[in-house]
Amino acid sequence: MTEGWNHVRRVVCPGSFDPVTNGHLDIIDRASRLCDELVVAVLINVTKQSLFTVDERAEMLREATKEHGNVRVDMFHGLLVDFCRANDISAIVKGLRAVSDFDYELQMAQMNYSQAGVETLFMPTNPLYAFLSSSLVKQFAQYGGDVSGLVPDSVIGQLRDRLAGS
Ligand code: PNS
């Protein structure tokens, strides 16, 4: 039973992370226990408008994961499977919050496997964070809502500053 896992040495957890939430961190923490190294890869997407730059997002992730010895934060553009090939990554890990996440995630997983042989591992999101997304956090914070408990403490101040216009 454990044989398969011996092949999963380096795993990637990809996303936009604009900004990282406690839901992301829960998946990162749990996934990091299943592999030798977990690479958190921030997508560089020039066409999608974001609140934080890729460097800021990566820095927030580094701060939030600094206690994890086997988590590395990186960034990528283009295809995720090309990033996997270049970094000797055998699997992608994704959190699934609800059935609504599943359709598109399944399509991407099948595409990535059929075209590049890269596996995807789905991990059920902790129910505590099932409703959580970066976009809802931004919306809530924008109108003065309290997002403590939803994002790491280190992100709260940065969110407040950015939404205040700095
Ligand atoms: O946090 P997000 O925005 O939901 O993350 C989406 C992400 C980055 C995981 C996904 O868009 C992705 O893998 N993009 C890279 C481009 C790519 O490989 N597309 C083909 C998927 S079949």
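In this predicted model, the charges of the protein chain were located first. The chain carries 15 positive and 21 negative charges. The mean positions of the two sets are 2 Å apart. The exposed surface comes to about 9700 Å². Carbon and sulfur atoms supply 52% of that area.

The overall fold was examined next. The protein chain has six helices and five strands. Along the sequence, these elements follow the pattern β-α-β-α-β-α-β-α-β-α-α. The C-alpha trace spans about 50 × 35 × 30 Å along its principal axes. The radius of gyration is 16 Å. A compact globule of 166 residues would have a value near 15 Å, so the chain agrees with that expectation. Contacts often link distant parts of the sequence. Among contacts between residues at least 6 apart, 74% join residues at least 24 apart.

Burial was then considered. Of the 166 residues, 40% count as buried. In soluble globular proteins, nonpolar side chains tend to be buried together. The largest nonpolar core in this chain holds 32 residues. Within this core, Ile28, Leu38, Val40, Leu61 and Leu159 touch the most other members. Many elements contribute to this core. Strands E1 (10-15), E2 (37-43), E3 (71-76) and E4 (91-96) each supply at least two of its residues. Helices H1 (22-32), H2 (54-64), H5 (134-142) and H6 (153-163) each do so as well. A second, separate core has 11 residues, including Phe76, Val81, Phe83 and Val118.

Leu38 shows how a core residue is surrounded. Beyond four places in sequence, Leu38 touches Val11, Val12, Cys13, Ile28, Ala31, Ser32, Asn70, Val71, Arg72 and Val93. One of these partners, Arg72, lies in strand E3. Arg72 has a relative accessible area of 27%, so this residue is partly exposed. The cut-off for buried is under 20%, and exposed means over 50%. With neighbours within four places left aside, Arg72 is in contact with Arg10, Glu37, Leu38, Val39, Val40 and Asn87. Asp101 lies 29 residues from Arg72 in sequence. The C-alpha atoms of Arg72 and Asp101 are 25 Å apart in space.

Two loop threonines were also inspected. Thr21 is found in the loop between E1 and H1. Its relative accessible area is 3%, so Thr21 is buried. Outside its neighbours within four places, Thr21 is in contact with Leu132, Ser133, Ser134, Val137, Leu150, Val151 and Pro152. Thr65 sits in the loop between H2 and E3. Thr65 is buried because its relative accessible area is 3%. Not counting residues up to four places away, Thr65 touches Leu25, Ile28, Val71 and Val73.

Val137 is a contact of Thr21. Val137 is found in helix H5. With a relative accessible area of 1%, Val137 is buried. Besides Thr21, Val137 touches Leu132, Val147, Leu150, Val151 and Leu159, again not counting residues up to four places away. Leu159 is also among the core residues that touch the most other members. Tyr104 is 33 residues from Val137 along the chain. The C-alpha atoms of Val137 and Tyr104 are separated by 22 Å.

Definitions and conventions:
Residues are numbered from 1 along each chain as its sequence is written. This is a predicted model: local features need pLDDT of at least 70, side-chain atom pairs count only at pLDDT 80 or more; totals for chains, interfaces and linings use all residues. Side-chain values use heavy atoms; hydrogens and water are left out. Helices (H or I, at least four residues) and strands (E, at least two) are DSSP runs, numbered from the N terminus. The radius of gyration is taken over C-alpha atoms; the globule rule is 2.2 Å times the number of residues to the power 0.38. Buried means under 20% relative accessible area, exposed over 50%, partly exposed in between (1.4 Å probe, protein chains only). Contact means heavy atoms within 4.5 Å. Accessible areas come from the Shrake-Rupley method with a 1.4 Å probe; for residues, only the protein chains shown count as cover. Lys and Arg count as positive and Asp and Glu as negative; His and the chain ends are not counted. The place of a charge is taken as NZ of Lys, CZ of Arg, CG of Asp or CD of Glu. A nonpolar core is a set of buried Ala, Val, Leu, Ile, Met, Phe, Trp, Tyr and Cys residues joined through side-chain atoms within 4.5 Å.
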